[in-house]
Amino acid sequence: MHHASITVAPDRSAQVTIAGQSTEHPDLGSAMTQLTLWARETSADVAVAISDGTTLRSLTIASTGQVLAGPPGSSSPTASPDDRSAQSAESAQPAKPQTEPAAKPRSHPHILEEPEADVPTQPLAAPQSPPDTAPADAGAPAPDSQADPAHPPDDEGPAYPIGTPFSGPAAPPPTSTPRRIDRVPSGDSARAPSPAEADRTPARSTNGTASGPTSSERGSDPHRAMTRRAAAHRSASARRKRSSARLTVPSIVLIALLVLAAVLFFLPNFIGTPTPEDSAPAQNSQAPTRAPLTQAEATTPVPGFTSDAAWETTVPQNASVTATSRGVLVVDGDEVTIIDPSDGSERFQESYDGAVTFAADTTVDGQPALVWQHDSTVQALLDGESRPIEYELTPEARLSSAGTAVLIRDGNALSTLGEDGLVTVPTPAPGSTPMALDGEELISSPFNGPLSRTDIDTGEETEVELEQPGEGLEIKEWKSAGHGLAISVWGDPGASTNSGHRLQLVVHSLDDGAVASINEVSSADIGDAAWTRGQGYSLASIGPYLYDLDTGLLVLDGTDSGMQFGEPRGDLVPGTMEGQPVIAAGLLSDAPTAYSTNADLLAVTDDARFAITRTGADRITAYPAG
């Protein structure tokens, strides 16, 4: 059985997290539709946890697409997700998902009780309660003896959100433009015939016959009749000549093409050609050519790391576990333990009344730190320290780790974390949306640009005009900004991110607004996908595309191989290839490979010395680099 989480924001938009990947949806119905399709395509049940910031609800989507109220094991069907998903979310009762203790956990996402409403989620690997220790009202499901071996059951517990960016500037409402309608003129507005046309066109009588000279006129004035016949003959000859000399449409088009070809052929001789010094650098417009992604069987649990454990530690079976490059966080009920990833020792432990709702590797006053939030309290554990710095926020405050430092938004007020407490950040101009905090600079922008970099100490503002990726293209959506890059979707004026149009995923440099890379994509691939920065901030993924965060270049396109990337762990990227779990390695080399493995990779340390995995319901294992 798969597990998924849906986080409903105050604006009723929803984020779905399943199989290590997150997608954005306009409403809860759209999110439920995606999970229903997932259940049908994988022929596996999906346990869904829905949170709206105050309550946690549970329901189950059967492999047939039927929605059942309650956790796995409940049998009461609900309406289809398209028309009754919201009702299902409100009526479902919260319950802890359960599983057998022997099953291996996987890092698919779930939500702890009472998460923040608008903070996207990050996977937390945890097993579910075994049947003999589960609460009596949870309704433990019986083992499914007919489970499909191609889709092993997922046995993990709830997860908590991890640091992700604020949403970018909202698109302005479309303006209606009057449609121009050309009508054929009638009545007095009809075009009057020219005198030449009047001469060439015989007059018509009221009964429809051509009117001409009467017999009495012809008899009485033969000279006038001969003159008219001669004039008519000359007019007919002229019409034939004009008719034979008239150009057809294909002829006009051919002539225009010939003229254009001649102009393009001779134009360089007159204006010259650009010199190498004047030419734009082509290496910034596309990624270097790389070999295609190949698939192979892994010989060790984690590619590039040995099979012998460097250290192991036990954790409670029902605990939720995640790991960053700075520490392993174990959440067991109201108790949080942070384990040193280098040796497995305990760095910090404390009990909280509320759930952990945010965690991220970031910096505080330029120093590397692990930051997490519970209720309205934020704590930052600096490298080398045993006690965290503590900050108190209001319940409405939201955190973002899109940049190199945490940005806190509380209404219209902005702040960040400092060693001595919260540091005030200047508010951008009205109409401009704050997106990230890179070092000492706030990154903000209105929807159509330009970007602004504001020094939070001096207030000095620098505008950054984004280079146009193509003639006639305009911004359709902002994906993210931070770590020196701005990521946005561009398209033709009539295109949209959910219309099936071809779009351009563009990465700009925040230094000068120059285009770092342009990738033609489909709205089906990136419309709902989020820009996910990996651990160690070396790689970033969005749908089937993988990028180098140092250069902004596209590293790998997984559309041809059927690869879907999860959150990168250093230089390794867990994901699925044609529906099977893999770990991609060697992505910056000439031989990228996707290794088939069932290892639940949680993190790779900053120095790439250890790969942290969850190897059982109650065990965390670190493998050293090979």
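What follows is a conversation about how a few structural terms are applied to this predicted model.

User: Before we begin, what should I keep in mind about the model and its numbering?
Analyst: Residues are counted from 1 along each chain as its sequence is written. The model is predicted, so local features need pLDDT of at least 70 and side-chain atom pairs pLDDT 80 or more, while totals for chains, interfaces and linings use all residues, and side-chain values rest on heavy atoms, without hydrogens and water.

User: Happy with that. Why is Leu510 called buried or exposed?
Analyst: The terms depend on relative accessible area: buried is under 20%, exposed is over 50%, and partly exposed is in between, with a 1.4 Å probe and protein chains only. Leu510 has 3% relative accessibility, so it counts as buried. You will find Leu510 in the loop between β27 (502-509) and β28 (515-522). The C-alpha atoms of Leu510 and Val464 are 7.2 Å apart, although 46 residues separate the two in sequence.

User: And what makes Leu257 buried or exposed?
Analyst: Its relative accessible area is 51%, which is over the 50% limit, so Leu257 is exposed. Leu257 belongs to helix α6 (residues 249-271); helices are DSSP runs of H or I with at least four residues, strands are E runs of at least two, and both are numbered from the N terminus.

User: What makes the nonpolar surface patch that includes Leu257?
Analyst: Val249, Val253, Leu257, Leu260 and Leu264 form it, covering about 490 Å². A patch takes residues with over 30% relative accessible area and no salt bridge, joining nonpolar side chains (Val, Leu, Ile, Met, Phe, Trp, Tyr) within 5 Å and like charges within 9 Å. With 51%, Leu257 passes the accessibility cut-off.

User: Which residues gather in the patch of negative charge?
Analyst: Asp332, Asp334, Glu335, Glu346, Asp353 and Asp375 do. They count as negative because Asp and Glu are given that sign, Lys and Arg being positive, with His and the chain ends not counted. Glu346 sits in strand β12 (residues 346-351), whereas Asp375 is in the loop between β14 (367-374) and β15 (377-382). The 42% relative accessibility of Asp375 makes it partly exposed.

User: What is notable about the phi of Asp375?
Analyst: Phi is positive there, about 50 degrees, although Asp375 is not a glycine. Most residues other than glycine have a negative phi, and most peptide bonds are trans. Tyr537, in the loop between β29 (532-533) and β30 (539-542), has a positive phi too, near 55 degrees. As for the peptide bond, Gly449 and Pro450 are joined in cis, with omega about 0 degrees.

User: How do you know that β18 and β19 pair, and in which sense do they run?
Analyst: Two strands pair if DSSP finds at least two bridges between them. Strand β18 (residues 407-410) is joined to β19 by four bridges, and the strands run antiparallel, with Ile408 bridged to Ser415. β19 also pairs with strand β20 (residues 421-425), antiparallel over five bridges; here Ser415 has Thr424 as its partner.

User: Why is β19 said to be largely enclosed?
Analyst: Five of the six residues of strand β19 (residues 413-418) are buried, so the rest of the structure largely encloses it.

User: What makes Arg326 and Asp606 a salt bridge?
Analyst: A salt bridge is a side-chain nitrogen of Lys or Arg within 4 Å of a carboxyl oxygen of Asp or Glu. For Arg326 and Asp606 the closest N and O atoms are 2.6 Å apart, so the pair meets that limit. Arg326 lies in the loop between β9 (320-323) and β10 (328-332) and Asp606 in the loop between β37 (601-604) and β38 (610-616), so the bridge ties together parts 280 residues apart in sequence. Arg326 is buried at 16%, whereas Asp606, at 47%, is partly exposed. A network of salt bridges links Arg326, Asp383 and Asp606.

User: How many salt bridges does a search of the whole structure find?
Analyst: It finds ten. Among them is the pair of Arg619 and Glu312, at 3.3 Å from N to O. That pair links strand β39 (residues 619-624) with strand β8 (residues 311-314), 307 residues apart.

Conventions: Areas by Shrake-Rupley, 256 points an atom, 1.4 Å probe, with all protein chains shown as cover. Charge placed at Lys NZ, Arg CZ, Asp CG, Glu CD.
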